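Work through the exercises below with the sequence and the coordinates open. Each task is followed by a solution in steps.

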Amino acid sequence: MSKHHEIKPNHFSLPRRIERLGELAYNLWWTWNPDVQRLYKRINSDLWEKTAHNPVQFLRNVERAKLNAVTHDSYYLDFYDRALLEYDQYMEREDTWYQENHGHVQGELIAYFSSEFGLHETLPIYAGGLGVLSGDHLKEASDLGLPLVAMGFLYTKGYFTQLITEDGWQEAQYVKLRFDELPVLSLVDDDEKPLIVAVDLAGREILVRIWKIQVGRVPLYLLDSNVEENSAQDKELTSRLYSSDLDLRISQEIILGIGGVRAFRKLGHDPVVWHMNEGHSAFLALERLRELVEQEISFDEAVEIVKSKTIFTTHTPVPAGSDEFPDWLIDKYFYTFQQQLGLDREQFCDLARHKVSWGETFSMPVLAMRMSSLRNGVSQLHGEVAREMWNYLWPDTRVDEVPISHITNGIHTGTWLAGRLRLLYGIYLGSDWMERIDDPEIWETVSNIPDEELWAVRRHLKRKLVFYMRERARNQWVEDEIHPVQVIASGALLNPYALTIGFARRFATYKRADLILKDFERLLSIINQSNYPVQIIFAGKAHPADKPGKLLIQNVYRKVKLAESGGRLVFLEDYDMNLARYLIQGVDVWMNTPRRPNEASGTSGQKAALNGVLNFSILDGWWREGYNGKNGWVIGSDEDLGDPNLQDEMDSESLYDALENEIIPLYYNRSSDNLPVEWIARMKESIRTLAPEFSMRRMVKSYAKDMYFQLMDNNQ
Ligand SMILES: *Cc1c(COP(=O)(O)O)cnc(C)c1O
């Protein structure tokens, strides 16, 4: 362990009375505490919007006069004092859930690895659902007081910004992140030199720098190969997410797995649990084996030790989605490593051997399965699918006894709940409801919320979404010379009173974004009824190398642009956590149409449900568990037809039927005071049943009780 400390790249010169605004900016606790966001916004709300809700950038740019002004505002100062008191109590709290349910043992740590973390829109180091899940996991671990430390990448160019051409083709733009404008802390040693670890990449020594982001009580360490001593090419190794270049990919995964273990050692950490969120980090097991073998422990014994401390969560329900490498790449990158483990080539490849149609590969999920003692899928159905998919690794075991369980995904309530609803829940669920998010009893009292109050908030949130879209459309119009049809396609004509359906997710073909477009004439007749207008908002990125995904965007975009769509079909560019928040809070219905069982879990529908938005989805992933007949709607049935074309046909019929016969009539069926009473009843049923069960609180408690504590107790 080397001595180290952290430095903030900024020393804001703030008025003494409010100087801790600088400290709050460097702890992402503010991302799930709207009161802190208001502290910045109140100083200068235009700048707060202009800096895209980034307190570090905000404080670098705000005028001194505005700062001085609030130091004379007693209301502001009161608010400031209360927010800081809450922050201090949060950070110092000792009676946490973890303390009460396990008891703190000094130095006991859980290491959590993920290739992406979605914490806030200003930190584009995530691509989608996996990252948002990891980010939410850290926030909840912090809330519960778990001794968790996390490892990932600080991608210097982030995930791409999406632009759609006039003809609907997705273009990717990469912007270099400015770390001095982000809540990123630099770690340095006693000589003020950056904290660095080295890994070997096919004979080259690569240096990797360690950065840190503070997420409440949880530190997230991030690796970055952009270090002076590295070659120009190696500096770029960690600049982007998910390259399709295998050489680059294996290099990144070596940096994450092997470099990540070394980084923890450098920081003086010896975790008792190692949690691999998806297989990208599975090389971490090899580095820990190497450490043990170096201490003269036999290889077989080392495997048992590593397994006894390792957890693997798989997210991939189809073999084609697996992360794997051909043997020649393994030879190239692991030649010396094999010898350090005392293995020959065959023995080494056996650790992760996966048979595919054209031969054999070195499979990261296989390595992860073999090197862990607890494994899980991310929904009940995904658990079943995973047991079948990996049964061959346990050839003597019946499929239902394959040792892979499931813990269904959830969402971090404080992050995804609209501010207005948070206030409303505070009134009717009791002031301590956020302490009891996963307690179904608390949510029984949703029935006490008066219909008109709940509906007023829902209308407010939809107006907010519509204004936001108009503003975006207007800015595009002013800044770029784009065609008026593109302005309409991006939501300029949306009606804040019409039934609004949202569909936003990664554009991969299995998600079938075009299912609702299958019988376009029928769809047009559904959305264009003058008394019952319906509008549909699409958003989502395709992986830059996924041509079919990009064609899918183009197909949707061309339909959106047609005059017959009348501005009621919309495609919003650049889906990210900010747009996601507007959508899952602002629409009326959240639609999901994956081809089963590809949606391992999905989480966006859980965010929608928390905000009173009704789900309308295929019985896949979490919705197969969440749907109870009264809290939303289903598309299709719980049966698979086998033939994909027939399946699309049947599912789209089911979709149109439900819209025509149930959803639209229910929405427009109003009482004398213009309330959709039955709709609101369904909304309450949805909030009541789904908010506790699909919370990150329930999820992280399950990981703790069923996995973390098991391994901690075994290893005492
Ligand atoms: C929640 C979220 C996702 C994951 O949602 P799915 O239901 O898996 O599609 C993806 N991207 C963003 C930006 C999100 O906020």
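**Exercise 1.** In which loop does Leu641 lie?

Solution. The model is a predicted one. Leu641 lies in the loop that runs between strand E22 (632–635) and helix H27 (644–668).

Next, classify Leu641 by accessibility. Its relative accessibility is 39%. Buried requires under 20% and exposed requires over 50%, with partly exposed in between. Leu641 therefore counts as partly exposed.

Finally, look at the surface around this residue. Leu641, Leu646 and Met650 make a nonpolar surface patch of about 260 Å².

**Exercise 2.** Describe the surroundings of the ligand, starting from the residues that come nearest.

Solution. Step one is the list of neighbours. There are 14 residues around the ligand, and those that come nearest are Trp416, Ala580, Thr603, Ser604 and Lys607.

Step two is the character of the shell. Its residues divide into five nonpolar, five polar and four charged.

Step three is the set of polar contacts, for which the cut-off between N or O atoms is 3.5 Å. Thr603 takes part through its backbone, with a polar atom 3.1 Å from an oxygen atom of the ligand. Ser604 uses its side chain, where a polar atom lies 2.6 Å from a ligand oxygen. For Lys607, a polar side-chain atom is likewise placed 2.6 Å from an oxygen atom of the ligand.

Step four is coverage. On its own the ligand has 390 Å² of accessible area, and the protein covers 93% of this.

Step five assigns the shell to secondary structure. Two or more residues each come from helix H8 (129–144), helix H24 (577–586) and helix H25 (604–610).

**Exercise 3.** Is Ser379 buried or exposed, and which backbone nitrogen lies 3.1 Å from a polar atom of its side chain?

Solution. Locate the residue: Ser379 is in the loop between strand E15 (374–377) and helix H16 (380–389). Its relative accessible area is 0%, so Ser379 is buried. The backbone nitrogen in question belongs to His382.

**Exercise 4.** Compare the sequence separation of Met276 and Thr238 with their distance in space.

Solution. Met276 is placed in strand E10 (residues 273–277). With 0% relative accessibility, Met276 counts as buried. Along the sequence, Met276 and Thr238 are 38 residues apart. In space, the C-alpha to C-alpha distance between Met276 and Thr238 is 19 Å.

**Exercise 5.** Examine the backbone torsions at Pro597, Glu296 and Arg512, and place each residue in the fold.

Solution. Begin with omega. The peptide bond that joins Arg596 and Pro597 is cis, with omega about -5°. Pro597 belongs to the loop between strand E20 (589–592) and H25.

Continue with phi. Glu296 has phi near 70°, a positive value in a residue other than glycine. Glu296 sits in the loop between helix H11 (283–294) and helix H12 (299–308). Its relative accessible area is 74%, so Glu296 is exposed.

Arg512 has phi near 50°, again positive in a residue other than glycine. The loop that holds Arg512 connects strand E17 (499–504) and helix H22 (520–527). At 3% relative accessibility, Arg512 counts as buried.

To conclude, set the two positive-phi residues side by side: Glu296 is exposed, whereas Arg512 is buried.

Definitions and conventions
Residues numbered from 1 in each chain as written. Predicted model: local features only at pLDDT ≥ 70, side-chain atom pairs only at ≥ 80, totals over all residues. Heavy atoms only, no water. Patch = residues over 30% accessible without salt bridge, like charges linked within 9 Å, V, L, I, M, F, W, Y side chains within 5 Å. Areas by Shrake-Rupley, 256 points an atom, 1.4 Å probe, with all protein chains shown as cover. Salt bridge = Lys/Arg side-chain N within 4 Å of Asp/Glu carboxyl O. Helix = DSSP H or I, 4+ residues; strand = E, 2+ residues; numbered from the N terminus. Buried < 20%, exposed > 50% of the residue type's maximum accessible area, 1.4 Å probe, protein only. Near = heavy atom within 4 Å. Polar contact = N/O pair within 3.5 Å; in protein donor to acceptor, adjacent residues only side chain to side chain. Nonpolar A, V, L, I, M, F, W, Y, C, P; charged D, E, K, R; others polar.
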